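Visitor: I have a model to look through and would like to know what stands behind each label. Could you walk me through it?
Guide: Gladly; here it is.

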Amino acid sequence: MPSSVLAVSIIELPPMEFDVFHLLVQRPGRVFSQREIYELVDPDSFDSSWTGISSIIYELRHKLNADFIQIVYG
């Protein structure tokens, strides 16, 4: 009988990366603007011009080997 083994690892994420990942997992297939992501994960922030979401997405894709997280341009 065929069997498979699933390797499980614990990956520590800083709070903002975890919040962005949690948002994306809750809404698979949904496309968000950088601003939408920032406003949804940190609505109390006073820095509305923050643009570090691209870096967080890059880090998530790298840490999780998650090609399913994509950046859509346009």
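Guide: Let us begin with a word we will need often: contact means heavy atoms within 4.5 Å. This is a predicted model, where local features need pLDDT of at least 70 and side-chain atom pairs count only at pLDDT 80 or more, while totals for chains, interfaces and linings use all residues. Residues are numbered from 1 along each chain as its sequence is written, and side-chain values use heavy atoms, with hydrogens and water left out.

Visitor: With that in hand, what is Lys 63 in contact with, leaving aside its neighbours within four places in sequence?
Guide: Lys 63 has contacts with Ile 11, Glu 12, Leu 13, Pro 14 and Glu 17. For Ile 11, the C-alpha atom lies 7.5 Å from that of Lys 63, although 52 residues separate the two along the chain.

Visitor: Why is Lys 63 called partly exposed?
Guide: Buried means under 20% relative accessible area, exposed means over 50%, and partly exposed is in between (1.4 Å probe, protein chains only). Lys 63 has a relative accessible area of 30%, so it is partly exposed. Asp 19, at 32% relative accessibility, therefore also counts as partly exposed.

Visitor: What makes Glu 17 buried?
Guide: The relative accessible area of Glu 17 is 9%, so the label buried applies. Once residues up to four places away in sequence are set aside, Glu 17 touches Ile 56, Glu 59, Leu 60 and Lys 63. Ile 56 is buried because its relative accessible area is 9%. From C-alpha to C-alpha, Ile 56 and Val 20 are 7.8 Å apart, with their positions 36 residues apart in sequence.

Visitor: How many helices and strands does the protein chain have?
Guide: There are three helices and zero strands, and the pattern along the sequence is α-α-α. Helices (H or I, at least four residues) and strands (E, at least two) are DSSP runs, numbered from the N terminus. Glu 17 sits in helix H1, as does Asp 19, whereas helix H3 holds Lys 63 and Ile 56.

Visitor: What is meant by a nonpolar core?
Guide: The term stands for a set of buried Ala, Val, Leu, Ile, Met, Phe, Trp, Tyr and Cys residues joined through side-chain atoms within 4.5 Å. In this chain the largest one has 13 residues, and Val 20, Leu 24, Ile 37, Ile 53, Ile 57 and Ile 69 have the most contacts inside it. At least two residues of this core come from each of helix H1 (15-26), helix H2 (34-41) and helix H3 (53-64). H3 gives the most, with four residues. Leu 24 is in contact with Phe 32, Ile 57 and Ile 69, its neighbours within four places in sequence not included.

Visitor: Which residues of H2 are buried, and why are they said to be on the same side of H2?
Guide: They are Ile 37, Tyr 38 and Val 41. They cover an arc of only 95° around the axis, so they lie on the same side of H2. That arc is taken from the directions from the helix axis to the C-beta atoms. H1 and H3 are included in what covers these buried residues.

Visitor: How much of the protein chain is buried?
Guide: Of the 74 residues, 20% are buried. The accessible surface of the chain comes to about 6100 Å², and 56% of that belongs to carbon and sulfur atoms. Such areas come from the Shrake-Rupley method with a 1.4 Å probe; for residues, only the protein chains shown count as cover.

Visitor: And what share of contacts between residues at least 6 apart in sequence joins residues at least 24 apart?
Guide: That share is 47% in this protein chain.
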